[in-house]
Amino acid sequence: MAYPYQIKSLEEYQQNYQQSVMDPEGFWANVADHFYWRRKWDKVLEWNFKDPDVKWFTGGKLNITENCLDRHLGTLGNTPAIIWEPNDPEERHRVITYRDLYNKVCQFANVLKNNGVKKGDRVCIYMGMIPELAIAVLACARIGAIHSVVFGGFSAQSIADRIQDAQASLVITCDGAFRGNKDIPLKSVIDDALIGCPSVKKVIVCTRTRTPVSMIKGRDLWWEDEIKQVETMGNPPCPAEEMDAEDMLFILYTSGSTGKPKGVVHTCGGYMVYANYTFVNTFQYQPGEVYFCTADVGWITGHSYIIYGPLSAGATTLMFEGVPTYPDAGRLWSIVDKFRVNILYTAPTAIRSLMGYGLGPVNHKDLSSLKKLGSVGEPINEEAWHWFKDHIGKGRCPIVDTWWQTETGGIMITPIAGITKEKPGYATLPLPGIQPILVDEKGEEIKGNNVNGNLCIKFPWPGMLRTTYGDHERCRTTYFATYDNLYFTGDGCLRDEDGYYRITGRVDDVLNVSGHRIGTAEVENAINMHAGVVESAVVGYPHDIKGQGIYAYVITERQTHDPELTKKDILQTVSRIIGPIAKPDKIQFVSGLPKTRSGKIMRRILRKIAEGELDNLGDTSTLLDPAVVEEIKRSRL
Ligand code: PRX
């Protein structure tokens, strides 16, 4: 069998789960044995959640790219590793075999070396969804450079913050990116970002849209020219750097409840084992299947389930440059049809938006190749779940509703396709190795079924974050200090009468907008930077397509003549500071905000008003200025 650790039956799931709890080290050692290690580990696990200090496979030496590429060459050299579908359906797709990918990664790794990149250096990657993005990521891993991929929808200011935090020395970007009918000028955004980033010495620019770009002498280089140089050197091999299991593999910035995004750090050994194990098991991947994840590599889903999970498993991963609605709302279904896709992993927000177009775009597409479906990023409502099941899976494909986070590195709670039971709206059961518990406000465990609480994990798993870059204390306070000896997810959760888990959403000040994680404090900071804004408060509200929309209450210095124009100006500022993904859907101008006597904004009240629950605001008499609540209710949008 291709994957000896692939669960094959319900009984096997139960046995594996039991074993993983009784003997976690033995369990994970068995899995890790099926990878290529230059040197085997001395100890499987050392940990405490107090500092926190978690180490998996200590003393083990490896390079993740040898596991994703080299070890497959003998058997899968001519098998497609990446199938790439461009934004424009008229443009030719590309098929990159494992051998091609290996050659290209080695070539570009040599480019990085020629430009002075060494093990441990940080490289920022800001590219569209083209194969060169995967090549850039793997080339960093090949030479032990730490990649920090920044999603193409972030602004120059956001990129600059991330580059400065990581002190990146090199940036890899494109001239531009095609997304739907847009051409996003990536290099020009990078140029703006780099004004305040002296750590960056080189920028490598890959050609895609060929929009005019400025190329600064001595700093900016064309990807293609650099490749030519390596070719003139006779394409020397690029031996993989030997990495310690606990060396950093990458940083990925994500939003929390404070203003500044944090750099979640994943390390080489544990992350590799976990991304692979969860991929192979959740999707029940079988050799030869075509697997299509619609995420962007700028998010964790793209890292774990477009690149590292599938490639370490020798799978064929389909990468799509565009968006589900371009040139029409049948695009994903056309891709499934064109490449005979077997596994489709997407987000509830995409399903909801496509549902809105009716069945026209689905009809006449041959979806008979589909065997398994997946959902990720936010709670999936039952209507969307059934639509996906009936109209895309034609009632025959299991759906895996996978709950996890940037910090967890891989899927944590999910059905196992075709093996464990599914339940609409439920992530159902933990994978082997994962020990979830629900706690109350005081951190007391809530036992039994039919209960609601805050979701925590009580034992380490190989894919978990190790620190937040440059600020370990922040990692401790965010995840390990709320409750003693537990990793706190920030999510609320219920466990039903059958013991199945249903994630109910964030219990902290983090929003989930179209599956993108955005901190309310970040949006408030951006709004407050707008001239004339005195204060603001941002909350989420239910949104039919995005899951959550952003509702901003804003106090300005004086009434403007044209509030609509001021709103547009504020949106422009938020776009500049964070990126278009963080633009509020609604802005309500108010004269004050509900605050406690100690000056704390009562978000609970604002959330209720945004949700339209006007009669159920609780006790407002203790507020500093109860009258303001009435005013806000009256002018609610
Ligand atoms: O609130 C949960 C929600 O997304 C958060 C993690 O966001 P991020 O780190 O950006 O990673 C998204 C991709 C893994 C979680 O704290 N979330 C993720 N998956 C689900 C979910 N909520 C409900 N059901 C899910 N399947």
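## Two helix pairs, a ligand site and a loop residue

In this predicted model, helices α5 and α9 are roughly perpendicular to each other, because their axes cross at roughly 95° and angles of 65 to 115 degrees count as roughly perpendicular. Helix α5 covers residues 98-114 and helix α9 covers residues 223-232, and the two axes come within 9 Å. On the α5 side, the residues that take part in the contact are Gln107, Phe108, Asn110, Val111 and Asn114, and they meet Trp223, Glu226, Ile227, Val230 and Glu231 of α9. Sorted by character, the residues of this contact comprise five that are nonpolar, three that are polar and two that are charged.

A second pair of helices can be followed in a similar way. Helix α7, made of residues 156-166, packs with helix α8, made of residues 186-193, at an angle of about 60°, and their axes are 8 Å apart. The helices α7 and α8 are therefore oblique to each other, and their crossing is right-handed. Here Ala156, Ile159 and Ala160 are the residues of α7 that meet α8, where their partners are Val189, Ile190, Asp192 and Ala193. Of the residues in the contact of α7 with α8, six are nonpolar and one is charged, while no polar residue is found there.

From the helices, the reader can turn to the ligand. The ligand is surrounded by 17 residues, of which Asp401, Thr402, Thr406, Asp491 and Arg517 are the closest. For Asp401, a polar atom of the side chain lies 2.7 Å from a nitrogen atom of the ligand. Glu378 approaches with its backbone instead, since a backbone N or O atom of Glu378 lies 3.4 Å from a ligand nitrogen atom. An oxygen atom of the ligand also has a partner, for an N or O atom in the side chain of Asn512 is 3.3 Å from this oxygen.

The last stop is a single residue, Glu497, which is placed in the loop that runs between strand β24 (487-495) and strand β25 (501-506). When neighbours within four places in sequence are left aside, the residues in contact with Glu497 are Lys423, Asn449 and Asn450. Glu497 can also be set against Lys40: these two residues are 457 residues apart in sequence, and from C-alpha to C-alpha they are 43 Å apart in space.

How values were computed: Residues are numbered from 1 along each chain as its sequence is written. This is a predicted model: local features need pLDDT of at least 70, side-chain atom pairs count only at pLDDT 80 or more; totals for chains, interfaces and linings use all residues. Side-chain values use heavy atoms; hydrogens and water are left out. Axes are lines fitted to C-alpha atoms, for helices over the stretch in contact, and angles run from 0 to 180 degrees between N-to-C directions. Helices (H or I, at least four residues) and strands (E, at least two) are DSSP runs, numbered from the N terminus. Angles under 35 degrees count as roughly parallel, over 145 as roughly antiparallel, 65 to 115 as roughly perpendicular and the rest as oblique. A crossing is left-handed if the near helix is turned anticlockwise from the far one by less than a right angle, and right-handed if clockwise. Contact means heavy atoms within 4.5 Å. Ala, Val, Leu, Ile, Met, Phe, Trp, Tyr, Cys and Pro count as nonpolar, Asp, Glu, Lys and Arg as charged, and the others, Gly among them, as polar. A residue is near a molecule or strand if one of its heavy atoms lies within 4 Å of it. A polar contact is a pair of N or O atoms within 3.5 Å; within protein, one must be able to donate a hydrogen and the other to accept it, and residues adjacent in sequence count only if both atoms are side-chain atoms.
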